[in-house]
Amino acid sequence: MTGLDNIKRIIVVLSGKGGVGKSTVATELALSLYTNGNNVGLLDVDLCGPSIPRMFGVDKNSKSSTVYETPEGMTPIEIFSSANEKSKFKLMSMALLLDDINDAIIWRGPRKMAMIQRLLTGVKWGELDYLIIDTPPGTSDEHITVMNVLKQHEHAKDFLRTILVTTPQMLSINDVRREITFCQKTSFHIIGLIENMSGYVCPHCSECTNIFAQGGGHLLAEQYSIPFLGQLPIDHELNKILDQGIQQVENGLQKINETEAMKLFKNILNEILDHWQ
């Protein structure tokens, strides 16, 4: 038995390029699922640049942020839980295992792969409706390890899916093409593609202005016959909350749900949920 056995669905967030806001999209997806009444886990398997704990404002000195070793595996930390305890939000990251969140991971390939496998199978998640996995950019050894470990599960065909993230610029789109090819070669089912940083939401009037090219993600989805899930803008308010850390902002969860980006994400979430109907 592994920590994956009581998880109903897993969504891996991928991008061929860094700097496209993939971790932000993974966070938005996990938060949207949680506020929709689900038990959610968010796993950060980016060993060299684990940014998820910072976005949530995790305090490494807090007892509630301590990861414990148990016979059943490592315990993820609990970020939120609903008033009636029916839905919970759990988080696990390499950053939580370091003495200092700013420490660098200077490991060779085999040790990195072993750690990723441990994060995937050695965490005591309990029962989850969804596990969201934030991955590093690219199509390297880390991704092959993630795919190989997850696809060994006997029900992987039914519960394992991926979402791709791009920005409108051609440089990003070209890298995501490689990610699509990677998914096709590994028979990894794609739910769809999200175009992130598509315009900028003015913090004063909420008008969205296109500051980069637009529509590239939609064209890429059409070219490869994969669903286009939607566009997300650069949202100053959302980024400000994530920079401070959600738990460090008063009513942080409520405030982040009121941002324009999270409101738009509700439509994307409906597309994702419809995929399993």
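The expected span of a helix is 1.5 Å times one less than its number of residues. Keep that in mind while looking at this predicted model.

Take helix H1, residues 22-35. With 14 residues at 1.5 Å each step, H1 should span 20 Å, and its end C-alpha atoms are indeed 20 Å apart, so the two agree. Most of H1 is tucked away, with 13 of its 14 residues buried. Just past the helix, glycine 37 adopts a positive phi of about 95°.

Now for the inside. The largest nonpolar core holds 85 residues, and Leu29 is among the five that touch the most other members, along with Ile10, Phe56, Phe89 and Ile132. Leaving aside residues up to four places away in sequence, leucine 29 touches Ile11, Val13, Ile132, Ile163, Phe265, Leu269 and Ile272. In soluble globular proteins, nonpolar side chains tend to be buried together.

Leucine 150 sits in helix H4, residues 141-151. Its relative accessible area is 1%, and because buried means under 20%, leucine 150 counts as buried. Methionine 92 is 58 residues away from leucine 150 along the chain, and their C-alpha atoms are separated by 17 Å.

What about open space? The largest pocket encloses about 180 Å³. Of its 13 lining residues, Arg54, Val58, Asp59, Lys60 and Ile101 lie nearest the centre. Helices H2 (52-55) and H8 (236-244) each give at least two residues to that lining. By class, the lining breaks down like this:

| Class in the largest pocket's lining | Count |
|---|---|
| Nonpolar | three residues |
| Polar | four residues |
| Charged | six residues |

Terms used. Residues are numbered from 1 along each chain as its sequence is written. This is a predicted model: local features need pLDDT of at least 70, side-chain atom pairs count only at pLDDT 80 or more; totals for chains, interfaces and linings use all residues. Side-chain values use heavy atoms; hydrogens and water are left out. A nonpolar core is a set of buried Ala, Val, Leu, Ile, Met, Phe, Trp, Tyr and Cys residues joined through side-chain atoms within 4.5 Å. Buried means under 20% relative accessible area, exposed over 50%, partly exposed in between (1.4 Å probe, protein chains only). Contact means heavy atoms within 4.5 Å. Helices (H or I, at least four residues) and strands (E, at least two) are DSSP runs, numbered from the N terminus. On a 1 Å grid over the protein atoms alone, a cavity is a set of points where a 1.4 Å probe fits but cannot get out, and a pocket is an open set with protein on both sides within 12 Å along at least five of seven lines; lining residues have an atom within 4 Å of a point. Grid points are joined across faces, edges and corners, and a volume is the space filled by probe spheres set on the points. Ala, Val, Leu, Ile, Met, Phe, Trp, Tyr, Cys and Pro count as nonpolar, Asp, Glu, Lys and Arg as charged, and the others, Gly among them, as polar.
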